[in-house]
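Biologist: I should like to request a close look at a single part of this model. Please treat it in one connected account.

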Amino acid sequence: MSATPGEANPVRAFVAQLWGSVFRHGLPTNDKVAARTALTNFFLHIHPVRVKKSAVRVSYTLCLGGLSFFLFILLTITGLFLMFYYIPSVDSAYQNVKDLQFVAVFGDIIRNMHRWAAHAMVITVWLHMARVFYQGAYKPPREFNWVIGTFLLLITLLLSFSGYLLPWDQLAIWAITVGTNMAKYAPIVGPYTRYLLLGGDQVAQGALIRFYVLHVIALPLIGFLLMVVHFWRVRKDGFTGGL
Ligand code: HEM
């Protein structure tokens, strides 16, 4: 549908123009129109214009990449809600988490959704990587996207680890002690890395605020940008199931 110049009804003309500006080529009635529709629509543009029928079967990808992305969005939304209650201070963080769990309305559900989605994302990203490996989808021309993928895996694991510290309970404090001590044993840069991560020599307020900023801003932002490049490459390299 497109705007008809001189349309008698101004409301219909407006709706037609609005529709035409979003869906520029109408319903895909033949291959040519279908290709143009896919190329000019952002959401349809994510996949190649043509894919083999066998490749759009759920059993081909098990939708593991899509599931990982869905979980990332779910984590962002539930994380935003958690931010209304959680204050990254060593004096209040633990109590905030307890209040979230036992006092705030729906707090327990939101916290559990965030935790379970985080565990699930680690699993789906690993499985997605295994799927890509076993189908040989890492081979040229997709080797660059495989590299982007390895960074996405790293970001996913770092997001999980940095989030683990935030409740500031015994588990968190000792996990961060072990983690940063491991970093300390890296040659040359080790002690500096530990100092940088902790914001000092001890696991204290400096470490909490650093991991908080990493968890809620730096890592999600880098992850999102890498995902944009990842999806764009899937589109440009032609999905392995593409023609
Ligand atoms: C946050 C993590 C990730 C997300 C959200 C993600 C998302 C996706 C999506 C939606 C696709 C399209 C096909 C599908 O659903 O399987 C895809 C394809 C692909 N991914 Fe990922 N991915 C992630 C991590 C990884 C990792 C860890 C690797 C490997 C190290 C990887 C390598 C690839 C490759 C090579 C393709 C193209 C596969 C093909 O053409 O068959 N991705 N990814």
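How many residues surround the ligand, and which are the closest?

Modeller: The model is a predicted one, and the account below concerns the surroundings of its ligand. The ligand is surrounded by 24 residues, and the closest of them are H128, R131, G149, H230 and T240. Two of these closest residues also place polar side-chain atoms beside the ligand. For H128, such an atom lies 2.8 Å from a nitrogen atom of the ligand. For R131, the partner is an oxygen atom of the ligand, at 2.9 Å. A further arginine, R142, has a polar side-chain atom 3.4 Å from an oxygen atom of the ligand.

The composition of the shell may be set beside these contacts. Of the residues around the ligand, 13 are nonpolar, nine are polar and two are charged. Arginine is counted among the charged residues.

As to where the shell comes from, four helices each supply at least two of its residues: α5 (64-83), α7 (107-134), α8 (143-165) and α11 (205-237). The most is given by α7, with six residues. The range of α7, 107-134, takes in the positions of H128 and R131, the residues whose side chains were described above at 2.8 Å and 2.9 Å from ligand atoms. Likewise, G149 falls within the range of α8, 143-165, and H230 within that of α11, 205-237; both G149 and H230 are listed among the closest residues to the ligand.

Definitions and conventions
Residues numbered from 1 in each chain as written. Predicted model: local features only at pLDDT ≥ 70, side-chain atom pairs only at ≥ 80, totals over all residues. Heavy atoms only, no water. Near = heavy atom within 4 Å. Polar contact = N/O pair within 3.5 Å; in protein donor to acceptor, adjacent residues only side chain to side chain.
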